[in-house]
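Q: Could you take a close look at the inside of this one for me? I'd like the general layout first, then what packs against what.

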Amino acid sequence: MTGEVDMATADTMIQTTLREPARQVTLDLRAVTFFDSAAIHAVVQLAQRFPGALTVLPSRQVSRVLEISGLGGQEWLRPA
């Protein structure tokens, strides 16, 4: 993903991730510049869908938002 992940694009992120069957999923958010509550919800949904099989590579902005929201210590989150 690049740019903004928000109410208008979070569902697209989910649908794109689910398009192909997978056992492991890496969500590359290193180029994301804006990440809102809809984006947080989308990532949590994906984490629930792929327990133990999701890796999120965050940008600094995404890391900060997840940290503020209390999700900074999740096993699926890699350091920015």
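**From the surface inwards**

A: Starting outside, the protein chain exposes about 5,000 Å², with carbon and sulfur atoms supplying 50% of that area (Shrake-Rupley, 1.4 Å probe, with only the protein chains shown counting as cover for residues). Bear in mind that this is a predicted model, where local features need pLDDT of at least 70 and side-chain atom pairs count only at pLDDT 80 or more, while totals for chains, interfaces and linings use all residues. Numbering starts from 1 along each chain as its sequence is written, and side-chain values use heavy atoms, leaving out hydrogens and water.

Now the layout. The protein chain has 3 helices and 4 strands, which run β-α-β-β-α-β-α from the N terminus on (DSSP runs numbered from that end: H or I for at least four residues, E for at least two). Its radius of gyration is 11 Å, close to the 12 Å that the globule rule gives for 80 residues, so the chain is as compact as a globular protein of that length (C-alpha atoms only; the rule is 2.2 Å times the number of residues to the power 0.38). Along the principal axes, the C-alpha atoms fill a box of roughly 30 × 25 × 20 Å.

Of the 80 residues, 39% count as buried (under 20% relative accessible area; exposed is over 50%, partly exposed in between, with a 1.4 Å probe and protein chains only). Sequence-distant pairing shows up too: among contacts between residues at least 6 apart in sequence, 68% join residues at least 24 apart (a contact is heavy atoms within 4.5 Å).

On to the inside itself. The largest nonpolar core has 24 residues, and L29, F35 and L54 have the most contacts within it (the set holds buried Ala, Val, Leu, Ile, Met, Phe, Trp, Tyr and Cys joined through side-chain atoms within 4.5 Å). Elements giving two or more residues to this core are α1 (10–18), β2 (25–29), β3 (31–35), α2 (37–49), β4 (54–58) and α3 (60–68). The most comes from α2, with 6 residues. In soluble globular proteins, nonpolar side chains tend to be buried together.

Two residues make good entry points. Leaving aside residues up to four places away in sequence, F35 touches V5, L29, I40, V43, V62, V65 and L66. One of those partners, V43, sits in helix α2 and is buried, at 1% relative accessible area. With that sequence cut-off again, V43 touches M13, L27, L29, F35, L54, V56 and W76. V43 and A10 are 33 residues apart in sequence, but 8.6 Å apart C-alpha to C-alpha.

For contrast, try two acidic residues. D11, in helix α1, counts as partly exposed at 47%, and 18 Å separates its C-alpha from that of L57, 46 residues along the chain. E20, in the loop between α1 and β2, is exposed, at 55%; its C-alpha lies 13 Å from that of R49.
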